[in-house]
Amino acid sequence: MEHIANKVSLQKEYFYTGETKSYSFRKKQLETLRDVIKEYEPEILQALKDDLHKSEWEAYTTEIGFLLEEIKFTLKHLKEWMTPEKVKSPVTHFGSKSVIHREPFGVTLIIAPWNYPFQLQLAPLIGAIASGNCAVLKPSELTPAVSTLISKMIREVFPEKYIVVIEGSVETSTELLKQPFDHIFFTGSVAVGKIVMEAAAKQLIPVTLELGGKSPAIVDKDANLALAAKRIMWGKFTNAGQTCIAPDYLYVHSDVKLALIEQMNNVLIEFYGEDPLSDEKYGHIVSDRHFDRLKRFLADGDVLIGGQHKASDRVIAPTIMDNISWEDPVMQEEIFGPILPVLEFTELETVINEVRRRPKPLALYFFSESEEKQDEITSAISFGGGCMNDTFMHIVSPYLPFGGVGSSGTGSYHGKASFQAFSHEKSIVKQTTKFDFAFRYPSAKNGLKIIKKIMG
Ligand code: NAD
């Protein structure tokens, strides 16, 4: 494990040369990253197929295309974000100038999960590069084809002293977390998020935590049911439900429950055909352990739609379950797979109270034609972010910071928020030497009187 410490200290040394800080350097590295992603597109698609059975369409839209968009947006705005921001000064600072400099933290550690293994490793890296940091990347061991490929690509275009990939599992992460990083960006489960935060606390390392949780989709009786069905099925079953912001469960008004379920059934046939287990567009479960965990949930209530599974391919059909209560195992943890339990309500108030009693969700989706009710949900429940009458779309806008709150995460990224996530805001007062106010010093005769007039 000595090599890990060596790699981090090599990057620390390099960071202090100051080379990573100039606009031209950052721009060039972002272009390099963009070019290598484009060059390796076929290999990336293959690796995502090997690890998760991702279709080309899913792999391109949610991983490759997403990154290219993010790089394009960052290149367009980088100069403006880097420019030190002049702000006003209060009267007590007369004669001085106040400026906020956004400086890179230094050497950052980026730990990624397996569900969008390419995108979730490199999207934070875009922020790290844009802000002028060096970076150590730790891909997930559960998606070995992608992990090996990321390592190869990064080695090919960046020197180790700037960006390096360290592959491995828990042991490697544990060793990495002992290193004196200047910032840690972690995407993964709540349980491991706690381990990361605890390790970071020992050295007071700032963290960004992108975690998970149970994100509800709530459908009220006045919703456009056809669109709700389509958008919820899309959000839930993309990547076979293995998405941090996938609707974890559905809360539907009892008046429209049956009609919505019927629409959802039609949509699923339209999306994945009559035999989703062998549909090329449909994702598979990442490991046998995850497959077995999900299969156990099928016994929790009644399977309304789906439920078929094939262990040899680690695939479970899009499944919708009824007669589920909050006490069932499927409602005790984040599902993170293609199973959607349905709960029903008659009063929105009940939904608000039930969601509030639990850890703050990463996402929430509310379907209703009433703006008043949309506003009520937005203000009554604390959650990372979400959509009204849609799913997922908030994560794909570079103008919206993406992140959780409380147990679903700390901090946010994407677009300018990525630049901010990897920067420290350093406030500087540039004081004049042309004159000096005597009243600020303890020796001033009427100092306190003047100060009280200004400040009171
Ligand atoms: P995970 O927490 O098991 O693993 C994430 C990373 O942490 C991996 O690289 C893994 O090697 C490492 N790790 C595992 N155990 C560790 C330990 N004891 N100490 C240090 N590092 C350790 O998560 P996962 O199963 O890969 O991903 C699924 C979870 O991630 C879900 O909860 C999901 O909601 C969440 N997630 C969140 C986002 C987001 O943007 N908020 C995105 C994707 C996934």
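A residue counts as buried when its relative accessible area is under 20%, as exposed when that area is over 50%, and as partly exposed in between. The exercises below apply this scale and others to a predicted model.

**Exercise 1. Classify His-414 as buried or exposed, and describe its surroundings.**

Step 1. Locate the residue. His-414 belongs to the loop that joins strand 17 (409–410) to helix 14 (416–421).

Step 2. Apply the scale. The relative accessible area of His-414 is 2%, so the residue is buried.

Step 3. List the contacts. With residues up to four places away in sequence not counted, His-414 touches Phe-66, Glu-70, Ile-395, Pro-398, Leu-400 and Phe-402.

**Exercise 2. Carry out the analysis for His-53, and state whether it is buried or exposed.**

Step 1. His-53 sits in the loop between helix 3 (41–52) and helix 4 (56–82).

Step 2. The relative accessibility of His-53 is 15%; because the limit for a buried residue is under 20%, His-53 counts as buried.

Step 3. Residues up to four places away in sequence are again not counted. His-53 then touches Leu-48, Asp-279, Glu-280, Tyr-282, Gly-283 and His-284.

**Exercise 3. Determine which backbone oxygen atoms the side chain of Arg-26 reaches, and place this residue in the fold.**

Step 1. Arg-26 is part of helix 2 (residues 23–39).

Step 2. Its relative accessibility is 4%, so Arg-26 counts as buried.

Step 3. The side chain of Arg-26 reaches the backbone oxygen of Lys-21 at 2.9 Å. The backbone oxygen of Ala-130 is reached by the Arg-26 side chain at 2.7 Å.

Step 4. Turn to separation along the chain. Arg-26 and Gly-132 are 106 residues apart along the chain, and 6.4 Å separate their C-alpha atoms.

Step 5. Complete the environment. Not counting residues up to four places away in sequence, the residues that Arg-26 touches include Leu-78, Met-82, Pro-104, Ile-129, Ser-131 and Phe-419.

**Exercise 4. Explain where the ligand lies with respect to the two domains, and characterise its shell.**

Step 1. Establish the domains. The domain assignment gives domain 1 (2–211 + 406–428) and domain 2 (216–403).

Step 2. Describe how the domains relate. Their centres, taken over C-alpha atoms, are separated by 30 Å. At the same time, 28 residues of domain 1 are in contact with 30 residues of domain 2.

Step 3. Place the ligand. Both domain 1 and domain 2 give residues to the shell around the ligand, so the ligand lies between them.

Step 4. Identify the shell. There are 27 residues around the ligand, and Ala-112, Glu-141, Ser-189, Leu-211 and Glu-334 come nearest. Helix 7 (170–176), strand 6 (183–187) and helix 8 (190–203) each supply at least two residues of this shell. By class, the shell has 16 nonpolar, 7 polar and 4 charged residues.

Step 5. Inspect the side-chain polar atoms. An N or O atom in the side chain of Lys-138 is 2.7 Å from an oxygen atom of the ligand. For Glu-141, a polar side-chain atom lies 2.6 Å from an oxygen atom of the ligand. For Ser-173, the distance from a side-chain N or O atom to a nitrogen atom of the ligand is 3.2 Å.

Step 6. Evaluate the cover. On its own the ligand has 840 Å² of accessible area, of which the protein covers 90%.

**Exercise 5. Assign Leu-142 and Asn-353 to a class of accessibility and to an element or loop.**

Step 1. Leu-142 is in the loop between strand 4 (134–138) and helix 6 (144–157). Its relative accessibility of 28% makes Leu-142 partly exposed.

Step 2. Apart from neighbours within four places in sequence, Leu-142 is in contact with Trp-114, Val-286, Arg-289 and His-290.

Step 3. Asn-353 is in helix 12 (residues 348–356). With a relative accessible area of 36%, Asn-353 is partly exposed.

Step 4. Asn-353 and Ala-380, 27 residues apart in sequence, are 9.1 Å apart in space from C-alpha to C-alpha.

**Exercise 6. State the phi values of Asn-323 and Asn-389, and locate each residue.**

Step 1. Phi of Asn-323 is near 55°, which is positive although the residue is not glycine. Asn-323 lies in the loop between strand 13 (319–322) and strand 14 (339–345).

Step 2. Phi of Asn-389 is near 65°, likewise a positive value in a residue other than glycine. The loop that holds Asn-389 runs between strand 16 (385–388) and strand 17.

Terms used:
Residues are numbered from 1 along each chain as its sequence is written. This is a predicted model: local features need pLDDT of at least 70, side-chain atom pairs count only at pLDDT 80 or more; totals for chains, interfaces and linings use all residues. Side-chain values use heavy atoms; hydrogens and water are left out. A residue is near a molecule or strand if one of its heavy atoms lies within 4 Å of it. A polar contact is a pair of N or O atoms within 3.5 Å; within protein, one must be able to donate a hydrogen and the other to accept it, and residues adjacent in sequence count only if both atoms are side-chain atoms. Accessible areas come from the Shrake-Rupley method with a 1.4 Å probe; for residues, only the protein chains shown count as cover. Helices (H or I, at least four residues) and strands (E, at least two) are DSSP runs, numbered from the N terminus. Ala, Val, Leu, Ile, Met, Phe, Trp, Tyr, Cys and Pro count as nonpolar, Asp, Glu, Lys and Arg as charged, and the others, Gly among them, as polar. Domain bounds come from an automatic or database domain assignment. Buried means under 20% relative accessible area, exposed over 50%, partly exposed in between (1.4 Å probe, protein chains only). Contact means heavy atoms within 4.5 Å.
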